[in-house]
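The following exercises introduce a structure to a reader who has not met it before. Each exercise sets a task, and a worked solution follows step by step.

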Amino acid sequence: MPHVLHPAYMDAVGHTPFGRAEGSFLDLAAAAYDDLTTRHPETPRPDHVLVSTQDPGAFAGIGNVAVAVTDRLGLCGVAASRIEAAPASGLAAFESACALVQSGARANVLILGVETMTSLDTARANQVLARMAHPSERQNGLTMAAMVALMTRAYLERYGHDPALLDAVAARAHAQGTTNRYAQFQAPVSLDDIAASPMVADPLRRHHSAPLSDGAACLMVTAAPGPVLVKGIGPATDPLALTHRPHRDALTHFAATQRAAEEAYGRARIDPSEVDILEVHDAFSPMTAMHLEDLGLFKPGSALPAIAQGKTTPDGPYPTNCGGGLKARGHPVGATGIAMLAELHWQLTQDQEVSKRQATPEDPPRIGLAHNMGGLGNNVIVAILEATS
Amino acid sequence: MKEDPGRIEVGVCASCNVAHHPVRHDCPACHGPVTIHGHPGNGAVVSWTRVERPPSGFDAPIRAILVRLDDLRAHGDGVGPSGPLALATTPHDDLLAIGTPVRLRCDDAGRLHAEPA
């Protein structure tokens with residue numbers, strides 16, 4: 001494993017409300033950066049801008065997006081590029097920003113994730129998102145929800161779980177959304193409402209799926225010591241098509257998560273049991289359980305009932321998605337990974353922003369883990385962060 | 001015109017013998033060279049879904065099944081899964097059950113369709 005030359009730190013975050021935005025793609029990007037400079041007026045001018053966005057051409061009709069954003073932010077002159085790894089774009093940009101700092105090439109890298117998805121109707125937006133899938137899946141009309149439904153049924157069957165447990169996972173996410181003023185859904189959703197929501201792809205209902213969202217979030221990665229140290233990042237890919245995955249557990253687990261986590265834990269020199277707080281990619285409710293198992297925090301098949309029993313609440317043993325996750329916070333795909341990092345930044349620094357959902361306040365979290373997934377588990381990045389104070 | 005309309009083709013790795021569908025240039029298990037073999041299309045359902053909200057251009061419902069195709073190897077060597085996975089659709093609700101034996105056929109566009117075995 002190559003060595004990091006210099007440590008990188010995460011400092012200064014900005015966040016817009018997630019949901020249906022009034023403004024344009026560039027308005028949202030500017031609003032996120034305004035929020036960062038308002039919260040952290042001492043922040044140095046970035047020497048590099050990385051824009052994380054999945055499909056601004058299809059969703060917002062925007063090209064040359066890195067310069068469009070950098071120009072709008074009043075930062076023209078510095079290096080700017082776009083990083084795209086489907087919905088894992090946020091952590092992919094974070095890994096690149098850290099590499100720029102860890103190599104000594106840059107001192108202050110701004111990463112800004114932004115997506116506007118609600119200007120398209122749902123069927124059209126799902127068609128854009130379905131471009132992530134392999135042609136053998138797309139040509140049968142199978143959406144991401146359909147492919148996740150196939151994995152979910154195999155998972156429920158293998159471990160003998162009641163599909164009603166999925167409702168409890170979704171309700172838990174919405175309970176956390178009530179604490180997040182940026183969340184797309186800030187009202188609780190009852191188990192009955194979840195169970196009565198329309199079937200999208202059996203066994204997945206509408207309320208088991210993250211919404212289409214507009215939103216932006218940003219943060220600075222710095223060489224100067226900051227409040228949160230980047231301890232280790234692990235990326236991994238897997239074949240585009242589900243049927244091409246040669247792993248024994250390919251229908252019930254994501255091997256790319258397992259491999260990304262192994263590298264991240266190795267670089268951070270920690271054991272999974274040392275993680276105090278997590279942000280995992282719950283684009284669909286059953287994924288929360290799969291991810292917690294693939295990250296090594298739960299035995300295979302055991303996370304789904306554990307979530308329903310409250311083990312992942314902010315005051316539980318495995319605080320996970322305290323800000324509502326993708327399900328309740330919203331899922332503007334290019335911004336999601338940055339929003340995960342923002343949540344962890346606030347949690348690890350006991351920021352006022354998370355006062356209503358601070359994890360284990362009597363023993364504040366020191367080690368945080370973010371897990372960001374692109375496509376149906378074929379591009380996964382895991383980042384491990386540590387509070388420095 | 002194909003000699004056997006509806007015949008399924010699977011890829012088999014010349015190095016590790018693992019089979020896959022749809023056929024690709026390299027083996028997804030070891031990146032070894034792939035040879036193309038015909039397959040009778042027999043297998044069993046390992047998962048299924050009924051898509052009630054399909055994307056634009058498709059009619060609901062879409063009945064999709066994942067099938068574990070029968071092992072082609074005369075002498076299984078224990079490497080990899082017992083047979084390739086394949087993704088198919090079907091008009092038959094009664095095939096939507098794990099373990100159901102099915103027979104797949106391939107259309108001219110390369111899509112797989114499942115019928116009762």
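**Exercise 1: Charged pairs in chain A**

Arg245(A) has a relative accessibility of 5% and therefore counts as buried. The model is a predicted one, and this residue serves as the starting point for the first task.

Task. Determine which residue forms a salt bridge with Arg245(A), and whether that partner is buried or exposed.

Solution. Step one: the partner is Asp238(A), and the closest N and O atoms of the pair are 3.8 Å apart. Step two: a salt bridge requires such atoms to lie within 4 Å, so the pair qualifies. Step three: Asp238(A) has a relative accessible area of 12% and is buried.

**Exercise 2: Salt bridges between distant parts of the chain**

Task. Establish where Glu279(A) and Arg329(A) lie in chain A, and describe the burial of each.

Solution. Step one: a salt bridge joins the two side chains, with an N to O distance of 3.3 Å. Step two: Glu279(A) belongs to strand β9 and Arg329(A) to helix α13, 50 residues apart, so that the bridge links distant parts of the chain. Step three: Glu279(A), at 1% relative accessibility, is buried, and Arg329(A) is buried with a relative accessible area of 1%.

Task. Carry out the analysis for Asp249(A) and its partner Arg158(A).

Solution. Step one: the closest N and O atoms of this salt bridge are 2.9 Å apart. Step two: Asp249(A) lies in the loop between β8 and α10, while Arg158(A) lies in helix α7, 91 residues apart. Step three: Asp249(A) is partly exposed at 27%, and Arg158(A) is partly exposed at 44%. For the wider setting, the count over all chains is 19 salt bridges.

**Exercise 3: Rings in helix α7**

Task. Classify the aromatic pair formed by Tyr155(A) and Tyr159(A).

Solution. Step one: a pair of aromatic rings is described by the distance of the centres and the angle of the planes. Step two: for Tyr155(A) and Tyr159(A) these values are 5.0 Å and 65°. Step three: planes over 60 degrees apart count as edge-to-face, so this pair is edge-to-face. Step four: the two residues are 4 residues apart in helix α7 of chain A, which means that about one helical turn separates them. Step five: Tyr155(A) is buried at 1% relative accessibility, whereas Tyr159(A) is partly exposed at 21%.

**Exercise 4: The surroundings of Gln358(A)**

Task. State where Gln358(A) lies and what its side chain reaches.

Solution. Step one: Gln358(A) is in the loop between α14 and β10 of chain A. Step two: its relative accessible area is 13%, so Gln358(A) is buried. Step three: its side chain reaches the backbone oxygen of Gln347(A) at 3.1 Å. Step four: leaving aside residues up to four places away in sequence, Gln358(A) touches several residues, among them Pro314(A), Trp346(A) and Pro365(A).

**Exercise 5: Strand β5 of chain B**

Task. Find how strand β5(B) is joined to β4(B) and to β6(B).

Solution. Step one: β4(B) and β5(B) run antiparallel and are joined by 8 bridges. Step two: within this pairing, Ser47(B) has Leu66(B) as its bridge partner. Step three: β5(B) and β6(B) also run antiparallel, joined by 5 bridges. Step four: Arg68(B) stands opposite Leu85(B) in β6(B). Step five: 7 of the 8 residues of β5(B) are buried, and the strand is mostly covered.

Technical notes
Residues are numbered from 1 along each chain as its sequence is written. Chains are lettered from A and ligands numbered from 1 in the order in which they are written. This is a predicted model: local features need pLDDT of at least 70, side-chain atom pairs count only at pLDDT 80 or more; totals for chains, interfaces and linings use all residues. Side-chain values use heavy atoms; hydrogens and water are left out. Rings of Phe, Tyr and Trp (its six-membered ring) pair if their centres lie within 6.5 Å; planes under 30 degrees apart count as stacked, over 60 as edge-to-face and the rest as tilted. Buried means under 20% relative accessible area, exposed over 50%, partly exposed in between (1.4 Å probe, protein chains only). A polar contact is a pair of N or O atoms within 3.5 Å; within protein, one must be able to donate a hydrogen and the other to accept it, and residues adjacent in sequence count only if both atoms are side-chain atoms. Contact means heavy atoms within 4.5 Å. Two strands pair if DSSP finds at least two bridges between them.
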